[in-house]
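Trainee: Got a minute? I'd like to go through this structure with you.
Mentor: Sure, pull it up and ask away.

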Amino acid sequence: NVEIRPKPSEKPEQMTFLRGGELVPKTHPVIAFRGLLDQLQAELLVVGSKLDGQLRSDLAEVLTVTRQIMRCQVLEEPWEERSICGMTAAELRQRSHEPQKFYGQGHFMPDFSDKPEILELNRLRTLVRKTELAGCRAMPEREDLLQVLNRLSSLLWILIIREKRGMCGGAEC
């Protein structure tokens, strides 16, 4: 069984390779998911380039995780459970749901008065959510990757909470 792959000049512009020689329309849900994951990585780079210290290090780890998600999706590999920024998936979920308990800062709605880092992190968090939703449409069977994306949005919320707590001098805002 020999796979026949069209020459690049024979591939219609509105088509792209999903994996191997499988051609699909560029509007295919998996291609849309990959595009959002790529956009998320680009945004992480832009935001991270404006930061330094621990926050930049945390975003670098998020970037690494998004690249691993892409690899697992493209190569059809399973996600290997690991901690992200020193927290397990269960810890990320718990801490994002109970920030007052862990960080002394309750849930809040971002506002114009918040510092730029909080607003940038919130933008990243919403892009992670958008990417997760595209993943749900494209590959509902990949619960492993969908959970990691969900935990990345939890992590970004935790980073926002930490920044808000720091903005308020250690007191809840």
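Trainee: Let's start with cysteines. Why is Cys72 not in a bond with the closest cysteine sulfur?
Mentor: Distance. The closest cysteine sulfur belongs to Cys136, and the sulfur of Cys72 is 17 Å from it, so that is too far for a bond. A disulfide needs the two sulfur atoms within 2.5 Å. Keep in mind that this is a predicted model.

Trainee: And what about Cys136, which cysteine sulfur is nearest to that one?
Mentor: That of Cys72, 17 Å away, and Cys136 is in no disulfide.

Trainee: How many disulfides does the count come to, then?
Mentor: Zero.

Trainee: Is Cys72 buried or exposed?
Mentor: Cys72 is buried, at 5% relative accessibility. Cys136 has a relative accessible area of 34%, so it counts as partly exposed.

Trainee: OK, zooming out. What secondary structure does the chain have?
Mentor: Six helices and two strands. Reading from the N terminus, the order is β-β-α-α-α-α-α-α.

Trainee: What box do the C-alpha atoms fill?
Mentor: Roughly 65 × 30 × 25 Å, taken along the principal axes. The chain has 173 residues, and 42% of them count as buried.

Trainee: What about contacts along the chain? How many join residues at least 24 apart?
Mentor: 62%, among contacts between residues at least 6 apart in sequence.

Trainee: Now the helices. How do people describe two packed helices?
Mentor: By the angle between the axes and the distance between them.

Trainee: Try that on helix 1 and helix 2. At what angle do they cross?
Mentor: Roughly 160 degrees, and their axes come within 10 Å. Helix 1 covers residues 29-49 and helix 2 covers residues 53-75. That angle makes helix 1 roughly antiparallel to helix 2. The crossing is left-handed.

Trainee: Which residues make that contact?
Mentor: From helix 1, they include Phe33, Leu37, Leu40 and Leu44. From helix 2, Leu59, Leu63, Thr66 and Met70 are among them. The contact residues split into 13 nonpolar, five polar and four charged.

Trainee: What about helix 1 and helix 5, at what angle do they pack?
Mentor: About 165 degrees, with the axes 8 Å apart. Helix 5 covers residues 116-138. That makes helix 1 roughly antiparallel to helix 5. This crossing is left-handed.

Trainee: Which residues make the contact there?
Mentor: On the helix 1 side, Phe33, Leu37, Leu40 and Leu44 are among them. On the helix 5 side, the list includes Leu124, Leu127, Val128 and Ala134. By type, this contact has 13 nonpolar, three polar and five charged residues.

Trainee: Where is Ala32?
Mentor: In helix 1. Ala32 is partly exposed, at 38% relative accessibility. Its C-alpha atom is 14 Å from that of Val128, and the two residues are 96 apart along the chain.

Trainee: Last one. Where does Ile158 lie?
Mentor: In helix 6, which covers residues 143-167.

Trainee: Buried or exposed?
Mentor: Buried, with 1% relative accessibility.

Trainee: What does Ile158 touch?
Mentor: Met87, Leu92, Arg95, Ser96 and Tyr103, leaving out residues up to four places away in sequence. There is also a C-alpha distance to look at: Ile158 and His107 are separated by 10.0 Å, and they are 51 residues apart along the chain.

Conventions
Residues are numbered from 1 along each chain as its sequence is written. This is a predicted model: local features need pLDDT of at least 70, side-chain atom pairs count only at pLDDT 80 or more; totals for chains, interfaces and linings use all residues. Side-chain values use heavy atoms; hydrogens and water are left out. Axes are lines fitted to C-alpha atoms, for helices over the stretch in contact, and angles run from 0 to 180 degrees between N-to-C directions. Helices (H or I, at least four residues) and strands (E, at least two) are DSSP runs, numbered from the N terminus. Angles under 35 degrees count as roughly parallel, over 145 as roughly antiparallel, 65 to 115 as roughly perpendicular and the rest as oblique. A crossing is left-handed if the near helix is turned anticlockwise from the far one by less than a right angle, and right-handed if clockwise. Contact means heavy atoms within 4.5 Å. Ala, Val, Leu, Ile, Met, Phe, Trp, Tyr, Cys and Pro count as nonpolar, Asp, Glu, Lys and Arg as charged, and the others, Gly among them, as polar. Buried means under 20% relative accessible area, exposed over 50%, partly exposed in between (1.4 Å probe, protein chains only).
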